[in-house]
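Here are some short exercises to work through with the structure open beside you. Try each task on your own, then follow the solution step by step.

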Amino acid sequence: MTHQVVSVKTYVAVFLALIALTITTVAVSKLELGEYNFVCAMTIAVIKASLVFWFFMDLRRSSSMTRLFAGAGIFWLAIMLFFTLSDYFSRGWLGLSKWW
Amino acid sequence: MADSETAVAVHPPGLQHHFDDSAQQLESSTLGMWVFLVTEIMFFGGMFASYTIYRNLFPEAFASTSHYMNVTIGAINTGVLICSSLTMVLAVRAAQLGRKNAIILFLVLTLILGLVFLSLKYVEYHEKWEDHHIPGPGFQYADPRYFHQAQILFYLYFAMTGMHAIHMIVGAGLLCTLIGMAVRNRFSAEWYTPVEMIGLYWHFVDIVWIFLFPLLYLIGHTS
């Protein structure tokens with residue numbers, strides 16, 4: 001129709017990258033990295049999610065309008081997480097009595 | 001517009017009359033599907049936020065409960081879902097090329113992989129049931145210090161993986177519908193919108209798991 005068909009090779013390459021990243025994230029989780037365990041796991045998860053968004057969900061060939069909507073979803077999610085968590089994590093900084 | 005009669009003659013199958021052409025119709029469907037997926041992002045986002053809050057509120061209990069997560073099944077299920085995303089994208093590709101048998105083959109493979117995921121999820125839930133790790137009156141926990149906190153964390157585990165599993169069950173139902181439509185020759189290279197839209201849904205559910213797996217199974221079991 002409006003889209004050129006993507007080669008199977010591209011999809012298989014993305015698939016192999018996703019499997020490789022899954023193995024990496026399990027391997028990294030076995031290491032004792034302290035706080036960096038979380039950072040590494042989330043970085044890999046974001047890369048994997050981006051690959052799925054970009055290639056499998058075809059955002060790379062979608063219209064700007066569709067991309068804007070997808071981006072708005074991520075942006076509003078960021079607002080929710082940032083403001084909710086900055087509230088919870090900063091409680092107690094002033095040394096007042098515990099809130100729960 | 002001189003050839004408006006020819007335009008009527010080549011009216012593509014599946015094109016509804018309030019759209020100018022197939023491209024505009026597909027664009028509208030895609031945008032609508034993304035709007036729905038954005039609401040899903042916010043929905044799961046709320047659960048991810050509460051998970052993060054409780055993980056930071058009860059770090060010791062979290063380190064304790066994370067030992068009971070079955071990393072092997074979690075990792076296998078991640079692989080199964082990634083495979084199912086590949087077969088789904090190949091089903092969409094087959095639809096674009098108008099290859100009916102390939103569409104059915106890849107949709108059935110996607111469905112089977114989805115059912116494998118759900119079966120492994122059942123095995124995992126059964127383990128939790130045997131260990132009395134279901135929050136509620138029957139809850140038991142080896143470390144009495146974390147009895148209440150562990151219940152909250154297991155509740156979050158069941159809420160998040162359970163909501164994800166419900167999405168998988170809905171996805172499996174949608175795949176059955178698609179297979180039925182494909183068998184009845186409803187799709188062609190000119191019109192295969194449902195395959196593409198349900199593909200988007202399926203990949204989105206995969207993305208949710210891509211975040212659930214490290215957060216629930218991998219973080220914390222070293223500390």
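The exercises below concern a predicted model, and they go from confidence to folds, then to a helix pair, a residue and an interface.

**Exercise 1. Confidence**

Task: Find what pLDDT chain B averages, and what the model scores for ipTM and pTM.

Solution: Start with the chain. Chain B averages a pLDDT of 92, and 94% of its residues score at least 70. Then turn to the model, which scores ipTM 0.91 and pTM 0.91.

**Exercise 2. The build of chain B**

Task: Work out how many helices and strands chain B has, and say whether chain B is spread out or compact when set against the globule rule.

Solution: Begin by counting elements: chain B has seven helices and zero strands. Along the sequence the pattern is therefore written with helix symbols alone, α-α-α-α-α-α-α. Next, compare radii. For 223 residues the globule rule gives 17 Å, and the radius of gyration of chain B, 22 Å, is well over that, so chain B is more spread out than a compact globule. Now look at the box: along the principal axes, the C-alpha atoms of chain B fill roughly 80 × 30 × 30 Å. As for burial, 37% of the 223 residues count as buried. Finally, take the contacts in chain B between residues at least 6 apart in sequence: 79% of them join residues at least 24 apart.

**Exercise 3. The build of chain A**

Task: Repeat the analysis for chain A, asking how many helices and strands it has and what its radius of gyration is.

Solution: The count for chain A is three helices and zero strands, running α-α-α from the N terminus on. The radius of gyration of chain A is 19 Å, while the globule rule gives 13 Å for 100 residues; the value is well over the rule, so chain A is more spread out than a compact globule. The C-alpha trace of chain A spans about 65 × 40 × 15 Å along its principal axes. Of its 100 residues, 20% count as buried.

**Exercise 4. A pair of helices**

Task: Describe how the axes of α5 and α6 of chain B cross.

Solution: Locate the helices first: α5(B) covers residues 100–130 and α6(B) covers residues 147–183. Their axes come within 9 Å and cross at roughly 155°. Angles over 145 degrees count as roughly antiparallel, and that is why α5(B) is roughly antiparallel to α6(B). The crossing is left-handed. To see who meets whom, look at the residues involved: those from α5(B) include B:I104, B:L111 and B:L118, and those from α6(B) include B:A165, B:A172 and B:I179.

**Exercise 5. One residue of α4**

Task: Decide whether B:L86 is buried or exposed, and find which residues it is in contact with beyond its neighbours in sequence.

Solution: B:L86 lies in helix α4 of chain B, residues 71–97. Count the other C-beta atoms within 10 Å of B:L86: there are 23, and the cut-off for burial is 20 or more, so B:L86 is buried. Leaving aside neighbours within four places in sequence, B:L86 is in contact with A:Y11 and A:F15. B:H203 is 117 residues away from B:L86 in sequence, yet their C-alpha atoms are 9.2 Å apart.

**Exercise 6. Where the chains touch**

Task: Find which helix of chain B supplies the largest share of the side that touches chain A.

Solution: In total, 39 residues of chain B are in contact with 40 residues of chain A. On the chain B side, α2 (22–57), α4 and α7 (193–218) each supply at least two residues. The largest share, 17 residues, comes from α2(B).

Definitions and conventions
Residues numbered from 1 in each chain as written. Chains lettered and ligands numbered in written order. Predicted model: local features only at pLDDT ≥ 70, side-chain atom pairs only at ≥ 80, totals over all residues. Helix = DSSP H or I, 4+ residues; strand = E, 2+ residues; numbered from the N terminus. Rg over C-alpha atoms; globule rule 2.2 N^0.38 Å. Buried ≥ 20, exposed ≤ 12 C-beta atoms within 10 Å, placed from the backbone. Contact = placed C-beta atoms within 7 Å. pLDDT = per-residue confidence, 0-100. Axes fitted to C-alpha atoms, helices over the stretch in contact; angles between N-to-C directions. Parallel < 35°, antiparallel > 145°, perpendicular 65-115°, else oblique. Left-handed = near helix turned anticlockwise from the far one by under 90°.
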